[in-house]
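Here is a report on the empty spaces in a protein model, the ligand in it and two backbone details. Please keep the structure open while reading.

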Amino acid sequence: MNFLTNEKLTIVGAAGMIGSNMAQTAAMMRLTPNICLYDPFANGLEGVAEELRHCSFEGVHITFTSDIKEAFTGAKYIVSSGGAPRKEGMTREDLLKGNAEIAAQLGKDIKAYCPDVKHVVIIFNPADITGLVTMLYAGIDPSRLTTLAGLDSTRLQSEIAKHFDIEQSKVTNTRTYGGHGEQMAVFASSAKVDGTPLTDLIGTDKLTNEAWAALRERVVKGGANIIKLRGRSSFQSPSYVSIEMIRAAMGGEAFRWPSGCYVSTGGFDHIMMAMETKITKDGVSYTDVKGTETEMAELQSSYKHLCDLRDQVIEMGVLPPVDKWHTIN
Ligand code: LMR
């Protein structure tokens, strides 16, 4: 059986639940035979590698290390869940300081050991900001890094399918833009339910305005709800969505959702936010977001929130002021 590529995929935070799940998913999808598990906390890492070997994935060679140089040398694809996870009662923004510092170091390590990396996926929160910090310190092109917003679009799809009690694939073109946080912009105008525009259903007895507001809230609070239900934060869904992004970046099946992407032009300067994006082997490209006036206003406020988080990271000293960003590398 063929692989998409023979190039090295390094999974950061591989001793954790998300990381080990990513490795298994990547092996099952036959992305590459060359999977390196990295975790600075060696505890359990060898066990994860051993278990994956016991799965006996044909042709897959699993290595593991707690040495960053070994992990990143030759890596062409990196996916990182290597930050602190959210706990019950916290917002993603509560993780800002510690995780932004981790992201800065991650970026420096990419620059030092694999500056020609082809695609990086960052999923530790707040992912739009940790992604931005990683990208700046790594000195990689914005088109080479994506974050976690696709997970909000899958949540919207799943909540709509649940409401109408239909198979999930019958709900199409669900879109959330802006940040992967409670200020995300949930767009109703693009989605279709079994071919019918969602907007034709909202406000009818099939989906009352109250039911839509509650559904929307469940999407926005999707991650917090998982924490409530499992007692710890999500692992299967972020893991799957990230590996789908890596697959698209390797030239495999297209990634189905818009994803977090740093955009330096077009009015969204100096932040990273979810746009209508396409991930290919040549990098991430984006097109303009279209929506109703209300949706665009929501996107604008999501954007302002991300600018505020960016400014907090600058105040913390993790990033220099915007006009000095060119000095980072
Ligand atoms: C999610 O949306 O599931 C992740 O961002 C994890 C979290 O803290 O909610």
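Helices (H or I, at least four residues) and strands (E, at least two) are DSSP runs, numbered from the N terminus. By that numbering, S56 is found in the loop between helix 2 (45–54) and strand 3 (61–65). S56 is not a glycine, yet its phi is positive, about 55°.

This is a predicted model, in which local features need pLDDT of at least 70, side-chain atom pairs count only at pLDDT 80 or more, and totals for chains, interfaces and linings use all residues. Residues are numbered from 1 along each chain as its sequence is written, and side-chain values use heavy atoms, with hydrogens and water left out.

**Pockets**

The search runs on a 1 Å grid over the protein atoms alone. A cavity is a set of points where a 1.4 Å probe fits but cannot get out; a pocket is an open set with protein on both sides within 12 Å along at least five of seven lines. Lining residues have an atom within 4 Å of a point. Grid points are joined across faces, edges and corners, and a volume is the space filled by probe spheres set on the points.

The largest pocket has a volume of about 920 Å³. It is lined by 43 residues, and S81, G82, G83, A84 and P85 are the closest to its centre. Helix 1 (17–28), helix 4 (96–113), helix 6 (150–164) and helix 9 (222–230) each supply at least two lining residues. Helix 4 gives the most, with 4 residues.

The second largest pocket holds about 450 Å³ of space. Of its 23 lining residues, L151, T154, R155, S158 and S237 are the closest to the centre. Helix 6, helix 8 (209–220), helix 9 and helix 10 (236–249) each supply at least two residues. Helix 6 has the largest share, 7 residues.

The table splits the linings by class. Ala, Val, Leu, Ile, Met, Phe, Trp, Tyr, Cys and Pro count as nonpolar, Asp, Glu, Lys and Arg as charged, and the others, Gly among them, as polar.

| Lining | Nonpolar | Polar | Charged |
|---|---|---|---|
| Largest pocket | 20 residues | 15 residues | 8 residues |
| Second largest pocket | 8 residues | 9 residues | 6 residues |
| Largest cavity | 4 residues | 6 residues | 2 residues |

**The ligand**

Which space does the ligand take? It is the largest pocket (more than half of the ligand atoms lie within 2 Å of its grid points). Around the ligand are R86, R92, N125, L148, L151, R155, H180, G223 and S234, each with a heavy atom within 4 Å of it. This shell has 2 nonpolar, 4 polar and 3 charged residues.

Side-chain N or O atoms approach ligand oxygen atoms at 2.8 Å for N125 and 2.7 Å for R155. For S234, a polar side-chain atom lies 2.6 Å from a ligand oxygen. The protein covers 96% of the 260 Å² of accessible area that the ligand has on its own (Shrake-Rupley method, 1.4 Å probe).

**The cavity and a cis bond**

The structure holds 1 cavity of 30 Å³ or more. About 50 Å³ of space lies in the largest cavity. Its lining includes E93, P126, D128, H180 and M184. Helix 11 (residues 293–315) has the largest share, 4 residues.

P126 is found in the loop between strand 5 (119–122) and helix 5 (127–138). The peptide bond from N125 to P126 is cis, with omega near -10°.

Methods
A polar contact is a pair of N or O atoms within 3.5 Å; within protein, one must be able to donate a hydrogen and the other to accept it, and residues adjacent in sequence count only if both atoms are side-chain atoms.
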